[in-house]
Amino acid sequence: MSTKNAGLAHKLGYSNVRVYLDGEPKWIEEGYVTDASDQFVKTGNIVLIDLREGDAPREGRIPRSVQVPYEELEARSKDIPRNAPIVVYGANDEDVQDAIDDLHDDGYRYVSKVTGNWTGWLKKGNPVESGPIFSNEISWVRKLGPGEVSVAEFRAATEGKYPDVFIIDARTPEEIKERGIFQNTVNIPLDMIAKSFSKIPKDKRNAGFLSLLHPMQKDDL
Amino acid sequence: MNRHHFVKCLPAAIMVALLSYGCAQQSQMPPTAAKPAVEQEAKKAAMKYTGKIVGKSNKAKVVSVAVGKGAAKKVVMVKFDEATKGIKFAKKGTAAIIFWEQRGADKYATVIKPKLAKLPAGVTEIKTEELAELLENNTALTLADARPIARYHKGHLPGAVSIPVPALKKKKAALLPKDKDELLIFYCGGPT
């Protein structure tokens with residue numbers, strides 16, 4: 001927390017301490033860009049976009065990048081999930097700013113630029129790749145969080161393929177009436193769960209595999 | 001794209017709450033709020049939870065809020081109804097103070113207030129416009145990102161260095177500029 005750090009610094013004798021309370025969300029909201037760290041560009045689970053046109057990427061590009069010139073950005077966005085972290089670089093800062101603005105407007109939540117842009121990346125001696133580009137495909141897959149279940153696993157569980165799994169559908173009875181319910185699930189509305197522990201078998205794989213469905217339609221599977 | 005509906009699933013929401021990234025810290029909370037509600041508490045006029053709102057279901061009419069610190073960290077649920085004041089402050093991702101009362105087996109929110117960040121003594125606030133101008137003019141300053149380092153890697157204000165709270169507590173001035181009179185600006189993930 002920034003105020004905590006500011007207080008600590010003040011106690012350590014720093015005389016000119018200020019806090020940007022509105023923080024990073026406001027910075028982005030106001031249309032300013034943020035920088036991804038080089039480490040994140042090298043190893044993060046990201047979509048790395050090279051905005052430069054023509055042969056520039058053939059002559060040198062950041063490994064794992066995909067060439068998407070600004071004009072093609074809108075058309076290519078169908079390949080990029082809205083929750084994917086996107087990092088952008090290009091021939092100049094204006095292109096990068098425009099691309100980031102467009103992506104934000106388009107509903108992308110995590111968009112940043114390569115620190116120092118392409119020239120900055122080069123100057124720092126970071127890894128560069130050159131030569132022919134064999135694939136310009138964007139295939140970003142979100143990594144599952146701890147305790148999270150993949151769609152495939154969930155489907156298998158509703159098909160009864162994991163007999164040791166107990167699935168709770170946490171929607172309200174009205175929602176279930178409206179949209180139906182999956183097989184092999186038990187409806188315990190969200191607000192009732194704390195009172196319904198006796199209904200949840202203890203010998204099943206609840207820990208780490210307890211799926212609580214929330215607003216979700218059958219179309220999702 | 002379908003996959004991202006899963007984000008709405010409760011386990012994910014709870015996990016995210018437990019990871020507690022950003023600025024959400026329950027450190028300023030009275031220690032009593034971290035303890036589970038017991039029978040006696042119900043007798044008191046106003047009980048409260050202070051913490052980050054991790055979810056709100058208008059269908060189930062329930063707000064979930066992350067309370068407690070460290071091992072005692074958990075998500076509690078409080079119901080709300082038409083009589084609840086300030087329900088607009090139960091905004092996901094922001095910090096709030098929820099006053100509640102026990103009605104039968106349920107806790108009902110009576111008043112919800114936003115939890116505003118308090119500035120420590122001797123420290124002033126800076127707004128976006130002024131900060132942007134200072135950065136634009138290459139003013140001599142240190143801009144420090146107080147969020148966990150993973151958040152910093154993902155995207156930080158231009159020129160910022162990473163100084164998460166636990167790091168500063170441990171290493172103190174070693175992480176800060178030598179000149180104690182130079183402008184030092186901290187930021188994080190918003191006033192949560």
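This note goes through one sheet and several salt bridges in the structure above.

1. The model is predicted, so that local features need pLDDT of at least 70 and side-chain atom pairs count only at pLDDT 80 or more, while totals for chains, interfaces and linings use all residues. Residues are numbered from 1 along each chain as its sequence is written, chains are lettered from A and ligands numbered from 1 in the order in which they are written, and side-chain values use heavy atoms, with hydrogens and water left out.

2. In chain A, five strands (strands being DSSP runs of E, at least two residues, and helices runs of H or I, at least four, numbered from the N terminus) make an open, parallel sheet in the order β2-β6-β5-β3-β4, where two strands pair if DSSP finds at least two bridges between them. The edge strands, β2 (35–36) and β4 (65–67) of chain A, each pair on one side only.

3. Over all chains there are 18 salt bridges, each a side-chain nitrogen of Lys or Arg within 4 Å of a carboxyl oxygen of Asp or Glu. In one of them, A:Glu24 meets B:Arg147 at 3.2 Å, N to O; because A:Glu24 lies in helix α2 of chain A and B:Arg147 in a loop of chain B, the pair joins two chains.

4. Buried means under 20% relative accessible area, exposed over 50% and partly exposed in between, with a 1.4 Å probe and protein chains only. A:Glu24 is buried at 12%, and B:Arg147 is buried at 1%.

5. Within chain B, the side chains of B:Asp81 and B:Arg103 form a salt bridge at 2.9 Å, N to O, linking distant parts of the chain that are 22 residues apart.
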